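Biologist: I'm new to this one, so could you walk me through it while I look at it?
Modeller: Gladly, let me put it up and we can go from there.

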Amino acid sequence: MCYQMADVLAMWDDYRAQTWAMLIQECTNRGLTKRKFCRQRGISEKSSYYWLRKLRGQMAEVAGP
């Protein structure tokens with residue numbers, strides 16, 4: 001099976017979105033501040049806010065007007 005580069009990039013973006021969605025949910029479930037959670041997990045706080053905005057935008061698109 002041969003994938004086009006656009007297909008590979010789309011799959012990679014989907015994977016990253018799913019990963020960040022799980023991380024954001026874990027942060028919420030643990031009741032920690034975003035800063036403390038990010039430090040514990042060794043991830044960028046800036047990246048977490050970027051993905052939160054991106055995922056919220058995707059959810060708003062699906063929900064429609």
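Biologist: Which residues form a nonpolar patch on the surface?
Modeller: In this predicted model, the patch is formed by Tyr3, Met5, Val8, Leu9 and Met11, which together have about 510 Å² of accessible area.

Biologist: Take Met5 from that group; where is Met5 found?
Modeller: Met5 belongs to helix H1, the element that covers residues 5–30.

Biologist: And is Met5 buried or exposed?
Modeller: Met5 is exposed, because its relative accessible area is 57% and the cut-off for that label is over 50%.

Biologist: Changing topic, what about Ser48, is that one buried or exposed?
Modeller: Ser48, which lies in helix H3 (residues 45–63), is buried, with a relative accessible area of 7%.

Biologist: What does the side chain of Ser48 reach?
Modeller: The side chain of Ser48 comes to 2.7 Å from the backbone oxygen of Glu45.

Biologist: Which residues is Ser48 in contact with, leaving aside neighbours within four places in sequence?
Modeller: With those neighbours set aside, Ser48 is in contact with Trp20, Ile24 and Cys38.

Biologist: Okay, rings now. How many aromatic pairs are there?
Modeller: The count comes to 2 aromatic pairs. In one of them, the rings of Trp12 and Tyr15 have their centres 5.5 Å apart and their planes at 25°, so that pair is stacked.

Biologist: Why is 25° called stacked?
Modeller: A pair of aromatic rings is described by the distance of the centres and the angle of the planes. Planes under 30 degrees apart count as stacked, and the planes of Trp12 and Tyr15 are at 25°.

Biologist: How are Trp12 and Tyr15 placed in helix H1?
Modeller: Trp12 and Tyr15 are 3 residues apart in helix H1, so about one helical turn separates them. Trp12 counts as partly exposed at 47% relative accessibility, and Tyr15 also counts as partly exposed, at 48%.

Biologist: What about Tyr50 and Trp51, how do those rings pair?
Modeller: Tyr50 and Trp51 form an edge-to-face pair, with 5.6 Å from centre to centre and 90° between the planes. Tyr50 counts as partly exposed at 39% relative accessibility, whereas Trp51 counts as buried at 4%.

Biologist: Let's talk charges. How many salt bridges does the count come to?
Modeller: The count comes to 5 salt bridges, and Glu26 is a good residue to begin with. Glu26 lies in helix H1 and is partly exposed, with a relative accessible area of 26%.

Biologist: Which residues does Glu26 touch, not counting those up to four places away in sequence?
Modeller: Not counting those residues, Glu26 touches Phe37 and Arg41. With Arg41 there is also a salt bridge, in which the closest N and O atoms are 3.0 Å apart. That pair links distant parts of the chain, since Glu26 is in helix H1 and Arg41 is in helix H2 (residues 34–41), 15 residues apart. Arg41 is partly exposed, with a relative accessible area of 41%.

Biologist: And what about Glu26 and Arg30, where do both lie?
Modeller: Glu26 and Arg30 both lie in helix H1, 4 residues apart, which is about one turn of the helix. Their side chains meet in a salt bridge at 3.6 Å, N to O, and Arg30 counts as partly exposed at 43% relative accessibility.

Biologist: How far apart in space are Glu26 and Met59?
Modeller: Glu26 and Met59 are 18 Å apart in space, C-alpha to C-alpha, and 33 residues apart in sequence.

Biologist: Back to Glu45, then. Which residue does Glu45 form a salt bridge with?
Modeller: Glu45 forms a salt bridge with Arg35, and the closest N and O atoms are 3.2 Å apart. This pair also links distant parts of the chain, with Glu45 in helix H3 and Arg35 in helix H2, 10 residues apart. Glu45 counts as partly exposed at 25% relative accessibility, and Arg35 counts as partly exposed at 48%. The backbone oxygen of Glu45 is also the atom that the side chain of Ser48 reaches.

Biologist: Last one: which residues are linked in a network of salt bridges?
Modeller: The network of salt bridges links Asp13, Arg16 and Lys54.

Notes. Residues are numbered from 1 along each chain as its sequence is written. This is a predicted model: local features need pLDDT of at least 70, side-chain atom pairs count only at pLDDT 80 or more; totals for chains, interfaces and linings use all residues. Side-chain values use heavy atoms; hydrogens and water are left out. Patches are made of residues with over 30% relative accessible area and no salt bridge: like charges are joined within 9 Å, nonpolar side chains (Val, Leu, Ile, Met, Phe, Trp, Tyr) within 5 Å. Accessible areas come from the Shrake-Rupley method with a 1.4 Å probe; for residues, only the protein chains shown count as cover. A salt bridge is a side-chain nitrogen of Lys or Arg within 4 Å of a carboxyl oxygen of Asp or Glu. Helices (H or I, at least four residues) and strands (E, at least two) are DSSP runs, numbered from the N terminus. Buried means under 20% relative accessible area, exposed over 50%, partly exposed in between (1.4 Å probe, protein chains only). A polar contact is a pair of N or O atoms within 3.5 Å; within protein, one must be able to donate a hydrogen and the other to accept it, and residues adjacent in sequence count only if both atoms are side-chain atoms. Contact means heavy atoms within 4.5 Å. Rings of Phe, Tyr and Trp (its six-membered ring) pair if their centres lie within 6.5 Å; planes under 30 degrees apart count as stacked, over 60 as edge-to-face and the rest as tilted.
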